[in-house]
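I opened this entry to record what I looked up, in the order I looked it up.

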Amino acid sequence: MPADFLPSRADAPRTLWRGASLATMAPGKPWGWIEDGALLTEGARIAWVGAATELPARLRADDEIELPGGVLTPGLIDAHTHLVYGGHRAREFELRLQGATYEEISRAGGGIRSTVAATRAATDEELLRSALKRAQALMSEGVTTLEIKSGYGLSEHHEARCLRVARRVGERLPLTVRTSALAAHALPPEFEGRPDAYIAAILDWLPRWHAEGLVDAVDGFCENIAFSASQMQRVFDAARALGLPVKLHAEQLSDCGGSEMAAQYRALSCDHLEYLSPAGVQALAASGTVAMLLPGAFYFLREKQLPPVGALREAGVPMAIATDHNPGSSPTLSPLLMLNMACTLFRMTPEEALAGMTRHAAQALGLGHSHGQLSTGRQADFVHWAVDHPNELAYQFGHKPCQLRVHAGVPDAADLARIAPAPEF
Ligand code: NIG
Ligand code: FE
């Protein structure tokens with residue numbers, strides 16, 4: 001049992017949820033399954049979870065909500081997104097369909113750089129409005145925690161602007177938002193031909209973003225078309241000096257050794273990993289780093305090289321799944337479709353896929369102790385699904401099974417009115 005994340009508070013309102021089965025996603029038995037379960041929230045925390053038949057007789061609740069069957073799971077955690085940006089890249093999609101590769105477009109100054117131009121040209125309000133809309137689409141499929149990266153500003157001012165917009169998304173919506181500073185995403189035009197000078201600039205900017213409270217983690221893109229492992233190492237040294245955790249886009253298009261380097265910094269996650277070597281797998285296993293697999297980008301870029309799922313499984317590396325929502329390589333807003341693709345494309349099991357968007361996704365954000373499972377003391381983030389078994393979440397695609405979303409103990413009001421209407425007098 002993890003230590004309680006949120007302490008018990010005698011004055012917090014207590015709500016008892018019953019009538020559904022629970023996929024707690026706690027390790028131990030498959031799905032952490034509890035047939036006909038009950039869950040007690042106390043303010044923002046979970047105060048009790050178990051089988052309805054084992055509810056303590058003296059348990060006091062201010063409110064009781066009877067659910068019409070179905071399954072409760074932890075709220076989904078989309079732990080890798082690039083949600084804040086201007087414009088879109090539909091034209092680039094057409095060019096790729098005509099034969100141009102993602103790398104060729106990038107080297108010709110398109111790709112990430114074209115989104116940087118559109119993001120710099122957008123106002124704060126425009127960036128916020130579009131990011132809120134995207135976040136709401138993710139929430140409609142059960143997302144309660146969302147990681148948002150910068151990476152389309154690429155200057156001190158514009159990266160900070162994008163990180164502030166990300167923070168604002170978390171303030172405006174019933175959602176936990178974690179930010180990652182991804183200034184080392186691509187080389188901005190002002191630094192053309194001077195990648196080391198750009199890295200030096202990032203080292204200068206990072207402490208100020210951190211002082212403003214904008215950064216929860218530091219990320220980078222380690223790739224031939226982006227930054228080398230040794231350039232990323234300089235950024236990670238700066239993150240370490242500030243006490244910030246790191247993560248890395250690594251081995252997406254080639255094996256650059258990024259994962260082995262990131263493992264030395266005990267990275268929270270390494271992401272993509274199609275070209276991860278056996279040595280890379282061992283390095284992740286030894287450092288407790290999460291392998292963040294992104295089937296949306298694999299699918300949309302029509303990649304052929306699969307991430308080494310079997311080797312990761314064998315080595316006991318926790319695997320997470322995310323949308324990687326971004327305009328260039330994964331313009332999806334469907335976490336449920338990613339569960340399906342994790343199974344069909346990557347041959348993960350439906351249970352591994354759901355653990356990848358709950359328990360292991362929490363770990364990839366440094367929230368492994370407080371989120372991602374239904375257990376006492378954790379934040380009361382959960383979803384009620386109109387399914388008989390959680391394996392249906394990965395089996396279906398294009399369905400809308402999310403009935404009710406609860407964030408920090410508070411249900412979305414419209415969902416609640418629909419699913420458990422107040423009795424009429
Ligand atoms: O996670 N790999 C690098 N970054 C993004 C893509 C960014 C873009 O193409 O705009 C990703 O796939
Ligand atoms: Fe990404």
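I count as donors of a metal the N, O and S atoms within 2.8 Å of the metal; water is not among the atoms, so a site may look incomplete. The model I am reading is predicted.

Metal site. With that cut-off I listed the donors of the iron ion (ligand 2): H80 (NE2), H82 (NE2), H249 (NE2) and D324 (OD), at 2.0 to 2.5 Å. Along the chain I wrote their spacing as H-x1-H-x166-H-x74-D. I then looked up the accessibility of two of these residues and found H80 and H82 buried.

Whole protein. I noted 16 helices and 18 strands. The radius of gyration is 21 Å, close to the 22 Å that the globule rule gives for 425 residues, so I put the protein down as being as compact as a globular protein of that length. Along the principal axes, the C-alpha atoms fill a box of roughly 70 × 45 × 45 Å. I found that 59% of the 425 residues count as buried. For contacts with a separation of 6 or more, I noted that 71% are between residues 24 or more positions apart. The exposed area is about 16,700 Å², and carbon and sulfur atoms supply 53% of it.

Annotation. I checked the UniProt record, an unreviewed entry, and it gives "domain: Amidohydrolase-related" for residues 71–390. Over residues 71–390 I read 44% helix and 15% strand, with the end C-alpha atoms 7 Å apart.

Helix 5. Does the end-to-end distance of helix 5 agree or disagree with what its 17 residues should span? I took residues 156–172 at 1.5 Å a residue, which should span 24 Å; the end C-alpha atoms are 24 Å apart, so the two agree. I listed the buried residues of this helix as H158, E159, A160, R161, C162, L163, V165, A166 and V169. What covers them includes helix 3 (112–121), helix 4 (124–139), strand 9 (143–149), strand 10 (176–184) and helix 6 (195–211).

F300. I located F300 in helix 10 (residues 295–300). Is F300 buried or exposed? Its relative accessibility is 16%, and buried means under 20%, so F300 counts as buried. Leaving aside neighbours within four places in sequence, I found F300 in contact with F93, R96, G328, S329, S330 and P331. I also took its distance to R168: the two are 132 residues apart in sequence and 29 Å apart in space, C-alpha to C-alpha.

Notes
Residues are numbered from 1 along each chain as its sequence is written. Chains are lettered from A and ligands numbered from 1 in the order in which they are written. This is a predicted model: local features need pLDDT of at least 70, side-chain atom pairs count only at pLDDT 80 or more; totals for chains, interfaces and linings use all residues. Side-chain values use heavy atoms; hydrogens and water are left out. Helices (H or I, at least four residues) and strands (E, at least two) are DSSP runs, numbered from the N terminus. The expected span of a helix is 1.5 Å times one less than its number of residues. Buried means under 20% relative accessible area, exposed over 50%, partly exposed in between (1.4 Å probe, protein chains only). Contact means heavy atoms within 4.5 Å. UniProt positions are given in the numbering used here, feature names are shortened, and annotations may be inferred rather than shown by experiment. Donors are N, O and S atoms within 2.8 Å of the metal (3.2 Å for Na, K and Ca); water is not among the atoms, so sites may look incomplete. The radius of gyration is taken over C-alpha atoms; the globule rule is 2.2 Å times the number of residues to the power 0.38. Accessible areas come from the Shrake-Rupley method with a 1.4 Å probe; for residues, only the protein chains shown count as cover.
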